[in-house]
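User: I'm new to reading protein models, and I'd like a close look at one single part of this one. Could you pick a part, walk me through it, and then show me how it connects to the rest?

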Amino acid sequence: METEGPPAAPGQYSQPGQPGPVLGLRSLSFAYQGLLEIPYEVILAQQNTLEVLDLSYNLLEDPALLGELEQLSTLILDCNSYSSHVKFPYMPSVTTVWINKNKISNLPIFVEEIRSKFPNIKILSMMNNEAAPSYFNGGSLPQYIDYRQYVISQIPSLTILDDTEVLGKERAQAEKTYRMQRTREGSKRRKELHR
């Protein structure tokens, strides 16, 4: 476990090498621990100061209690077992979410969850998920472009998606494309209602 914050005073650890009640940490990493559950006891002890939490390379799938981390700005969940149906708590302080290489396959469901639970998100990286087609996972260029346009149109606050900055021109095209699609879908529904 890597930590960043004030140096530990003697006696602040319960056992040598084991995390104890050290308070005031801004960053915690539980990467590569093989965890099946989030170690909430240790994490929530830092809820007043923790800004960066790295839970990557574990076997996690339920982030429910992380909503108590009111200072958290960066959440790293790469290489876990999160699916499209993950339920995040409402976390308005979070501006960066990395959730690369998980089990996300349904883009609309996942994007709606991100949009509603992280209203101030600026950076989202979800590479190497089935829902994010790219060169890395067998996706074509048109699929990749459509994926980017969809996500950008649904989450207007994004400045970076995956490893690429969201440019004004791309945002305008995304809004135009998905506004047109919504208009077509609305017209189709109205026609079906009048049959």
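Analyst: Let's start with a term we'll need: a salt bridge is a side-chain nitrogen of Lys or Arg within 4 Å of a carboxyl oxygen of Asp or Glu. Some ground rules too: this is a predicted model, where local features need pLDDT of at least 70, side-chain atom pairs count only at pLDDT 80 or more, and totals for chains, interfaces and linings use all residues. Residues are numbered from 1 along each chain as its sequence is written, and side-chain values use heavy atoms, with hydrogens and water left out.

Here's the setting. The protein has four helices and eight strands (DSSP runs numbered from the N terminus: helices are H or I with at least four residues, strands are E with at least two). Along the sequence they follow the pattern β-β-α-β-β-β-α-β-α-β-β-α. Of its 195 residues, 41% count as buried, meaning under 20% relative accessible area, with exposed being over 50% and partly exposed in between (1.4 Å probe, protein chains only).

The part I've picked is helix H2, residues 107–117. Right at its start, a side-chain oxygen of Asn106 comes to within 3.2 Å of the backbone nitrogen of Ile109. Further along, the buried residues of H2 are Leu107, Phe110, Val111, Glu113, Ile114 and Lys117. If you look down the axis of H2, these buried residues fall within an arc of 155 degrees, so they line one face of the helix. (That arc is taken from the directions from the helix axis to the C-beta atoms.) There's a handy general point behind this: an α-helix has 3.6 residues a turn, so residues three or four places apart point the same way.

What does that face pack against? The buried residues of H2 pack against strand S6 (123–125) and helix H3 (141–154). Leu124 is a good residue to click on for this: leaving aside neighbours within four places in sequence, Leu124 is in contact with Ile114 of H2, and also with Val97, Ile99, Val151, Ile155, Leu158, Ile160, Leu161 and Asp162 (contact means heavy atoms within 4.5 Å).

Leu124 also turns up in the bigger picture. The largest nonpolar core has 45 residues, and Leu124 is among those with the most contacts inside it, along with Ile43, Leu53, Leu66, Ile99 and Met126. A nonpolar core here is a set of buried Ala, Val, Leu, Ile, Met, Phe, Trp, Tyr and Cys residues joined through side-chain atoms within 4.5 Å. H2 isn't alone in feeding this core: helix H1 (40–44), H2, H3 and helix H4 (168–193) each supply at least two of its residues.

Now for the charged pairs. The rule we started with gives three salt bridges. In H2, Glu112 pairs with Arg115, their closest N and O atoms being 2.8 Å apart. These two sit three residues apart in H2, about one turn of the helix. Glu112 counts as partly exposed because its relative accessibility is 37%, and Arg115 is partly exposed as well, at 36%.

Another bridge in H2 joins Glu113 to Lys117, again with the closest N and O atoms 2.8 Å apart. This time the partners are four residues apart, also about one turn of the helix. Glu113 and Lys117 are both buried.

To finish, follow H2's packing partner H3 outwards. Arg148 and Glu170 meet in a salt bridge, 2.7 Å from N to O. Arg148 lies in H3 and Glu170 in H4, so the pair ties together parts that are 22 residues apart in sequence. Arg148 is buried, with a relative accessible area of 3%. Ser153, also in H3, is buried at 13% relative accessibility, and beyond its neighbours within four places in sequence, Ser153 touches Ala174, Glu175 and Tyr178. Ser153 and Glu175 are 22 residues apart in sequence, yet their C-alpha atoms are 5.1 Å apart in space.

How values were computed: A polar contact is a pair of N or O atoms within 3.5 Å; within protein, one must be able to donate a hydrogen and the other to accept it, and residues adjacent in sequence count only if both atoms are side-chain atoms.
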